[in-house]
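Me: I am new to this structure and would like to understand the words used to describe it. Please show it to me first, and then I will ask about the terms.

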Amino acid sequence: MAGFNRVILVPLTTHGVLEYIEAVSVKLKEILSEVGLENIDVLVWPDVIKPPMKCFDWNRVQYHAGCLAKYIRDMFQVIGVIDKSLVVGVGYLDGFEYGLNFVFGEALPSQHVAIVFTKRLKPEFYGDSLNYNLYFERLIKEIVHELGHLLGLEHCTGNCVMRFSNSIVEVDEKPMFFCENCRERIRSYYISRTK
Ligand SMILES: [Zn+2]
Ligand SMILES: [Zn+2]
């Protein structure tokens, strides 16, 4: 597989995404630099890519994560930027995967693509009051987590953003950074891909 030199953040909705995405890209760049991947650019795709209805499940009223990830993958393959990029779609949507009631995100590392669903990251979803900083923090954590998968990481049991979380409490409990082990792994993965 070819190496990559950029991360492309793709807004899948206007609401809940566009007002945060520039700040997210800056923070992401910072986190990647701290890991030693300062050569990777973090870009924001200039258009909102509307999720296709074929990925929407009318019974569950949710999007199928795998379907959406593949759709984004195919689209960016056609555009011709997928080989040098890691693409992360971010949408104020609710997503599921078979066997799970919902997912915060999903990554297809071999396909260079991941999706983050943010509807369940909003404090309002749980009846809590609006909180810009908390939502932003959760956004970063879930995007960094899925990006970690694209950078070759599995789940981690340390004090680490790669800790598996399937509840908002677990999201809030984990840090937004990689542990030292995972940092080391990312560096060697990146070096192996850019040789
Ligand atoms: Zn994960
Ligand atoms: Zn870790």
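Me: Which way do V113, I115 and F117 point from β9, which way do A114 and V116 point, and are they buried or exposed?

Reply: This is a predicted model, in which local features need pLDDT of at least 70 and side-chain atom pairs count only at pLDDT 80 or more, while totals for chains, interfaces and linings use all residues. Residues are numbered from 1 along each chain as its sequence is written, and chains are lettered from A and ligands numbered from 1 in the order in which they are written. V113, I115 and F117 point one way from β9, A114 and V116 point the other way, and all are buried. In a regular strand the side chains alternate between the two faces of the sheet.

Me: What makes β9 count as mostly covered?

Reply: A residue is buried if 20 or more other C-beta atoms lie within 10 Å of its own, exposed if 12 or fewer, and partly exposed in between, with C-beta atoms placed from the backbone. Five of the five residues of β9 are buried by that count, and β9 is therefore called mostly covered.

Me: How do you know that β9 pairs with β8 and with β5?

Reply: Strands (E, at least two residues) and helices (H or I, at least four) are DSSP runs, numbered from the N terminus, and two strands pair if DSSP finds at least two bridges between them. β8 and β9 (residues 113–117) have four bridges in the antiparallel sense, and β5 and β9 have five in the parallel sense, so both pairs satisfy the definition. A114 in β9 is the bridge partner of A107 and also of V88.

Me: Why are β2 and β8 said to stand at the edges of their sheet?

Reply: Five strands form this open sheet in the order β2-β1-β5-β9-β8, with mixed pairing. β2 (41–44) and β8 (105–108) each have a single partner strand, so one side of each is left without a neighbour in the sheet. The twist averages 15 degrees from one strand to the next.

Me: Why is α1 called oblique to α3?

Reply: The axes, which are lines fitted to C-alpha atoms (for helices over the stretch in contact), give angles from 0 to 180 degrees between N-to-C directions. The axes of α1 and α3 (residues 132–150) come within 10 Å and cross at roughly 55 degrees. Angles under 35 degrees count as roughly parallel, over 145 as roughly antiparallel, 65 to 115 as roughly perpendicular and the rest as oblique, and the crossing therefore makes α1 oblique to α3.

Me: Which residues of α1 and α3 meet, and how do they divide into nonpolar, polar and charged?

Reply: Two residues are in contact if their C-beta atoms, placed from the backbone, lie within 7 Å. Y20, A23, V24, K27, L28 and I31 in α1 meet F136, L139, I140, I143 and V144 in α3. Ala, Val, Leu, Ile, Met, Phe, Trp, Tyr, Cys and Pro count as nonpolar, Asp, Glu, Lys and Arg as charged, and the others, Gly among them, as polar. The residues of this contact divide into ten nonpolar, no polar and one charged.
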